[in-house]
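Work through the exercises below with the sequence and the 3D structure at hand. Try each task before you read its solution.

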Amino acid sequence: MFYRGKFGDGGDGRDMGAKRQRLGEPGSSFYGTSPGSSYMYNPTPYAYAGQPPPFPVVKLRGLPFDCTEADVAEFLHGLDIVDVLFVHKNNKFSGEAFCVLGYPLQVDFALSRNRQNMGRRYVEVFRSKRQEYYKAIANEVSDARGGSPRRNVPRAKSYDEGKDSAEHTGVLRLRGLPFSAGKDDIMDFFKDFVLSESSIHFTMNSEGRPTGEGFVEFASAEDSKAAMAKDRMTLGSRYIELFPSSHEELDEAVSRGR
């Protein structure tokens, strides 16, 4: 993981860095290339001579409560988004998020978006630190695994009963995927089932960017029903929601992305 090498990870974050899976090398992005190959976007190894470069993370505050990772990517359009971590408090989205960027000097570009609007809300952008980001990851992981009383609030019965009574066709829809997730991550998430790469589909928006949702085709309806046991389990620091789906819904979502 690039946290330890390129960005000089210290003792606080060694373990938590591994919680964010497949973040990729700095500069790799699921949103296309940077606006240019200038020094500001692709600094040379000599830019931080004698010391490790700072960890490139910013904190966003005031996000709409229906905000998605795609909205954050659009708000920071042109920057290399490596990871987005939404912060929850009392089992609800707090309106805050951490965003890891591809290069340290992109932080200044992100800060220039401070108090610009996302929809009707203006969003504040702050410089953050590696330790603050890792602490937020630890809290999200703990909450998702039931390690915090804040997660002990049960879902409404109708929510779970709706999933339980839904007809299974062998297809599940996944929601809450990290933008950086690859097909091998999904295969590992469902490691108790036989899957091929061709049975895993990520949905894209009109610009070809991942939406955080995907579909998995299982060998049978019995397998997809059994796989629902993974509902709300974690992939990295994110808990993944699963929904019974259909081949029709899968085909429609994939065609929209095209």
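Two strands count as paired if DSSP finds at least two bridges between them. Keep in mind throughout that the model is predicted.

**Exercise 1.** Determine in which order the five strands E6, E7, E8, E9 and E10 form their open sheet, and which strands stand at its edges.

Solution. Begin with the pairing, which is antiparallel, and follow it across the sheet to obtain the order E7-E8-E6-E10-E9. Strand E7 (200-204) and strand E9 (233-235) each have a single partner strand, so one side of each is left without a neighbour in the sheet. As a last step, consider the twist, which averages 35 degrees from one strand to the next.

**Exercise 2.** Describe how strand E10 is joined to E6 and to E9, and decide whether E10 is largely enclosed or not.

Solution. Take strand E6 (residues 171-175) as the starting point: four bridges join it to strand E10 (residues 238-244), and the two run antiparallel. Within this pair, Arg-173 stands opposite Phe-243 in E10. Turning to E9, we find three bridges that join it to E10, again with the strands running antiparallel, and here Thr-234 faces Tyr-239 of E10 as its opposite residue. E9 and E10 form a hairpin with two residues between them, and Gly-236 in the turn has a positive phi of about 70 degrees. Finally, six of the seven residues of E10 are buried, so this strand is largely enclosed by the rest of the structure.

**Exercise 3.** Find the order of the five strands E1 to E5 in their open sheet, and name the edge strands.

Solution. The pairing is antiparallel, and the order reads E2-E3-E1-E5-E4. The edge strands are therefore to be sought among those that pair on one side only, namely strand E2 (81-89) and E4. Between strand E1 (residues 57-61) and strand E3 (residues 92-101), which run antiparallel, there are five bridges, and Arg-61 stands opposite Glu-96 in E3.

**Exercise 4.** Locate Arg-113, and work out what surrounds its side chain.

Solution. First, place Arg-113 in the loop between helix H4 (106-111) and strand E4 (116-118). Next, note that Arg-113 is buried yet has no salt bridge: the nearest side chain of opposite charge, Glu-74, is 8.1 Å away, whereas a salt bridge requires a distance within 4 Å. The side chain of Arg-113 does, however, reach the backbone oxygen of His-77 at 3.2 Å. Leaving aside residues up to four places away in sequence, Arg-113 touches Phe-75, Leu-76, His-77, Leu-79, Val-123 and Val-125.

Conventions: Residues are numbered from 1 along each chain as its sequence is written. This is a predicted model: local features need pLDDT of at least 70, side-chain atom pairs count only at pLDDT 80 or more; totals for chains, interfaces and linings use all residues. Side-chain values use heavy atoms; hydrogens and water are left out. Buried means under 20% relative accessible area, exposed over 50%, partly exposed in between (1.4 Å probe, protein chains only). Lys and Arg count as positive and Asp and Glu as negative; His and the chain ends are not counted. A polar contact is a pair of N or O atoms within 3.5 Å; within protein, one must be able to donate a hydrogen and the other to accept it, and residues adjacent in sequence count only if both atoms are side-chain atoms. Contact means heavy atoms within 4.5 Å. Axes are lines fitted to C-alpha atoms, for helices over the stretch in contact, and angles run from 0 to 180 degrees between N-to-C directions.
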